[in-house]
Amino acid sequence: MSRIEESKDFIAVRIAVLTVSDTRDLADDRSGDVLVGRIEAAGHVVADRRIIRDERAEIADQLRAWCADDGVDVVISTGGTGLTGRDVTVEAHRDVYEKEIDAFGTVFTIVSMNKIGTSAVQSRATGGVANGTYLFALPGSPGACKDAWDEILVKQLDYRHRPCNFVEIMPRLDEHRRRK
């Protein structure tokens, strides 16, 4: 099973947090607060934090901007992953992805099933990679953000996590761009 290899040094990654909402602001963004608190408690850096309306093009533009920013390694968005007409975060993420991390959504569903039962089918959490940056879209509830961070991301974003993790392959995410 998984474990932390204590002989390796922790490597902090720079994470941007995006809340997708037509109604939230920083004062009442509980899901964003959950993510920021957990990111900092784990020893990572909150590189930026924004709130954007449920507009596909605006979400995709912000994701692309962070993917082009050398100061951002990972983007985690919260909100807009449901089934209603205004839920367009997943589509915006997929507009940006070069590669989708298919198993992220599957593992998130398994984690959610253990917490909320079959209601987990209503989430479309997703993950992917673009321009050497990891992108994750989480549901807009604080509980879902806690579950995704505590059960998946805190481990995969820890360089010491074994048998493997996202951080150790970061230098190779954009190697296809360097090939001649």
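Visitor: Before we look at helices H4 and H5, what are the axes here, and how do the angles run?

Guide: Axes are lines fitted to C-alpha atoms, for helices over the stretch in contact, and the angles run from 0 to 180 degrees between N-to-C directions. Please keep in mind that this is a predicted model. With that said, the axes of helix H4, residues 102-116, and helix H5, residues 142-156, come within 10 Å and cross at roughly 115°.

Visitor: And is that crossing left-handed or right-handed?

Guide: The crossing of H4 and H5 is right-handed.

Visitor: Which residues in H4 and H5 meet?

Guide: From H4 there are Phe-104, Val-107, Phe-108, Val-111 and Lys-115, and these meet Ala-144, Asp-147, Ala-148, Glu-151, Ile-152 and Leu-153 in H5. The residues of this contact divide into 8 nonpolar and 3 charged, with no polar ones.

Visitor: Switching to aromatics, how many aromatic pairs does the structure hold?

Guide: The structure holds 4 aromatic pairs. One of them is formed by Tyr-134 and Phe-166, which is tilted, at 4.7 Å centre to centre and with 40° between the planes. Because Tyr-134 lies in strand S7 and Phe-166 in the loop between S8 and H6, this pair ties together parts that are 32 residues apart in sequence.

Visitor: Are those two, Tyr-134 and Phe-166, buried or exposed?

Guide: Tyr-134 and Phe-166 are both buried. Phe-166 also pairs with Phe-136, and since those ring centres are 5.7 Å apart and the planes stand at 35°, that pair is tilted. Phe-136 lies in strand S7, so its pair with Phe-166 ties together parts that are 30 residues apart in sequence. Phe-136 is buried.

Visitor: Which residues form the aromatic cluster, then?

Guide: Phe-104, Tyr-134, Phe-136 and Phe-166 form one aromatic cluster, and Phe-104 is also among the H4 residues that meet H5.

Visitor: What about Arg-162, which ring face does it lie over?

Guide: Arg-162 lies over the face of Tyr-159, at 5.9 Å from the ring centre. Arg-162 is also where a cis peptide bond begins, since the bond from Arg-162 to Pro-163 is cis, with omega near 20°. Pro-163 itself is placed in the loop between strand S8 (161-162) and helix H6 (175-178).

Visitor: Last one: what is the phi of Asn-131, and where is Asn-131 found?

Guide: Asn-131 has a positive phi of about 50°, although it is not a glycine, and it is found in the loop between strand S6 (126-130) and strand S7 (133-138). Asn-131 counts as partly exposed because its relative accessibility is 33%, and partly exposed covers the range between 20% and 50%.

Conventions: Residues are numbered from 1 along each chain as its sequence is written. This is a predicted model: local features need pLDDT of at least 70, side-chain atom pairs count only at pLDDT 80 or more; totals for chains, interfaces and linings use all residues. Side-chain values use heavy atoms; hydrogens and water are left out. Helices (H or I, at least four residues) and strands (E, at least two) are DSSP runs, numbered from the N terminus. A crossing is left-handed if the near helix is turned anticlockwise from the far one by less than a right angle, and right-handed if clockwise. Contact means heavy atoms within 4.5 Å. Ala, Val, Leu, Ile, Met, Phe, Trp, Tyr, Cys and Pro count as nonpolar, Asp, Glu, Lys and Arg as charged, and the others, Gly among them, as polar. Buried means under 20% relative accessible area, exposed over 50%, partly exposed in between (1.4 Å probe, protein chains only). Rings of Phe, Tyr and Trp (its six-membered ring) pair if their centres lie within 6.5 Å; planes under 30 degrees apart count as stacked, over 60 as edge-to-face and the rest as tilted. A charge sits over a ring if NZ of Lys or CZ of Arg is within 6 Å of the ring centre and within 35 degrees of the ring normal.
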